[in-house]
Amino acid sequence: MIRWGEEKRQADPGFFCRKVVEGVAQPVWLVSDTRRPSDIQWFREVYGAVTQTVRVMASEQSRQQRGWVFTQGVDDAESECGLDDFGDFDWVIENHDEEQRLEGQLQNLLAFVHSRL
């Protein structure tokens, strides 16, 4: 599946992005699974200044406490790490073990979205 997706992206970097928005009009788009800078670039080119990027981060320790186990060849692949060095996110949500902090961050994001409706 990953290989097929990589082939599609190499041939057309906007392939999957267009599939997501095809035939649908929304006042706000929250795209939860961009994987590469080309995905973000596509949304910025098509939707311009209304594009907001959100990075959700969790420490390795938090992830392990939730049952995550590193799998070489999967967790270090571009599909999982392609945005690790992308530093231009509009929002960074920290999903560690601090529920109140997470809730506050999500409330801020939600308020922003509501302000754009």
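**A buried charged pair, two free cysteines and helix H6**

Asp39 is buried (under 20% relative accessible area, with exposed meaning over 50% and partly exposed in between, for a 1.4 Å probe and protein chains only) yet forms no salt bridge, its nearest side chain of opposite charge being that of Arg9, 4.1 Å away. A salt bridge is taken as a side-chain nitrogen of Lys or Arg within 4 Å of a carboxyl oxygen of Asp or Glu. Lys and Arg are counted as positive and Asp and Glu as negative, while His and the chain ends are not counted. The model is predicted: local features need pLDDT of at least 70, side-chain atom pairs count only at pLDDT 80 or more, and totals for chains, interfaces and linings use all residues. Residues are numbered from 1 along each chain as its sequence is written, and side-chain values use heavy atoms, with hydrogens and water left out.

Asp39 lies in helix H3 (residues 37-47), and Arg9 in helix H1 (residues 2-11). Helices (H or I, at least four residues) and strands (E, at least two) are DSSP runs numbered from the N terminus. Arg9 is likewise buried without a salt bridge. Contacts (heavy atoms within 4.5 Å) were listed without neighbours up to four places away in sequence; for Arg9 they are Phe16, Arg36 and Asp39. On the same basis, Asp39 is in contact with Arg9, Pro13, Cys17 and Thr34.

Cys17, one of the contacts of Asp39, is itself buried, with a relative accessible area of 4%. With a disulfide defined as a pair of cysteine sulfur atoms within 2.5 Å, the count is zero. Cys17 is in no disulfide, and the nearest cysteine sulfur, that of Cys81, is 19 Å away. That distance is too far for a bond, so the sulfur of Cys81 has no partner in Cys17, its closest cysteine. Cys81 is partly exposed, with a relative accessible area of 28%.

Helix H6 (residues 99-115) has 17 residues and spans 24 Å from its first C-alpha to its last, close to the 24 Å expected at 1.5 Å a residue; the expected span is 1.5 Å times one less than the number of residues. Its buried residues are Leu102, Gln105, Leu109, Phe112 and Val113. Viewed down the axis of H6, these fall within an arc of 100 degrees and therefore line one face of the helix, the arc being that of the directions from the helix axis to the C-beta atoms. The buried residues of H6 pack against strands E1 (54-57) and E2 (91-94). On the face turned away from the buried side are the exposed residues Glu99, Gln100 and Ser115.
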